[in-house]
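Notebook open, viewer open. I want to look up the sheet and then check how far the model can be trusted.

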Amino acid sequence: GHSYGSKVVLSALAAKPLSRNVDSVLLLQPAMSHLCFAPNADGDGHPGGYRPALTRTDQPIMTTFSRHDVPLTQLFQWAARRTSDLGEMQIAGVPSRYAALGGFGPGGIDGEAVVVPAKLPADAYDTPPASIRVVAVESSDVISGHGDISNQATHWMLLSQISREG
């Protein structure tokens, strides 16, 4: 899923239990709260709305973020300020607790996420430990803006996922 399409993908995973897990999820510059997977998204013990997705995928969820994504690094946190926006409570270095996942990477999930640099074809992504549920791909070197999501590096991310088992 790209941008708000990432919400569609995660909503399908998180809304209700599935008959079986999906194999992999790739989120490209997701326009949603960086706390959407956090166990305590609001500081009062409420989990992010997409936290259930972490247990409904066999592989860790892979998500990109780039400092060059102006909408997600400079504008999103000013537009998404409703109570329900924090942590995506309702399904459908960070300067703000309302920051975007696609601008800054995941927040509030220490020990469950790892940040790795984007790789180009033939440079393999390491298989993370089982405790890691989110692979945040720092993509500033390969994603120059919000819509720059179809390139060798993102194609390689997807191929790396579909070529790997669980």
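First thing I asked: is β4 mostly covered or not, and how many of its five residues are buried? I found four of the five buried, so to speak a mostly covered strand. Buried here means under 20% relative accessible area, with exposed over 50% and partly exposed in between (1.4 Å probe, protein chains only).

Ground rules, noted early: this is a predicted model, where local features need pLDDT of at least 70, side-chain atom pairs count only at pLDDT 80 or more, and totals for chains, interfaces and linings use all residues. Residues are numbered from 1 along each chain as its sequence is written, and side-chain values use heavy atoms, with hydrogens and water left out.

Next, the sheet. I read an open sheet of four strands, ordered β1-β2-β4-β3, with parallel pairing. At the edges sit β1 (26-27) and β3 (113-117), each pairing on one side only. Strands are DSSP runs (E, at least two residues), numbered from the N terminus, and two of them pair if DSSP finds at least two bridges between them.

Then I went through the partners of β4. Strand β2 (residues 61-65) runs parallel to β4 (residues 134-138), joined by five bridges. M62 stands opposite V135, and T63 faces A136. β3 also pairs with β4 in the parallel sense, over five bridges; there V115 has A136 as its bridge partner.

Last, confidence. pLDDT is the predictor's confidence in each residue, from 0 to 100. I noted a chain mean of 86, with 86% of residues at 70 or more. Over residues 89-93 the pLDDT is below 50, yet the stretch has 17 contacts beyond near neighbours in sequence (heavy atoms within 4.5 Å). Where pLDDT is low, the predicted coordinates should not be read in detail.
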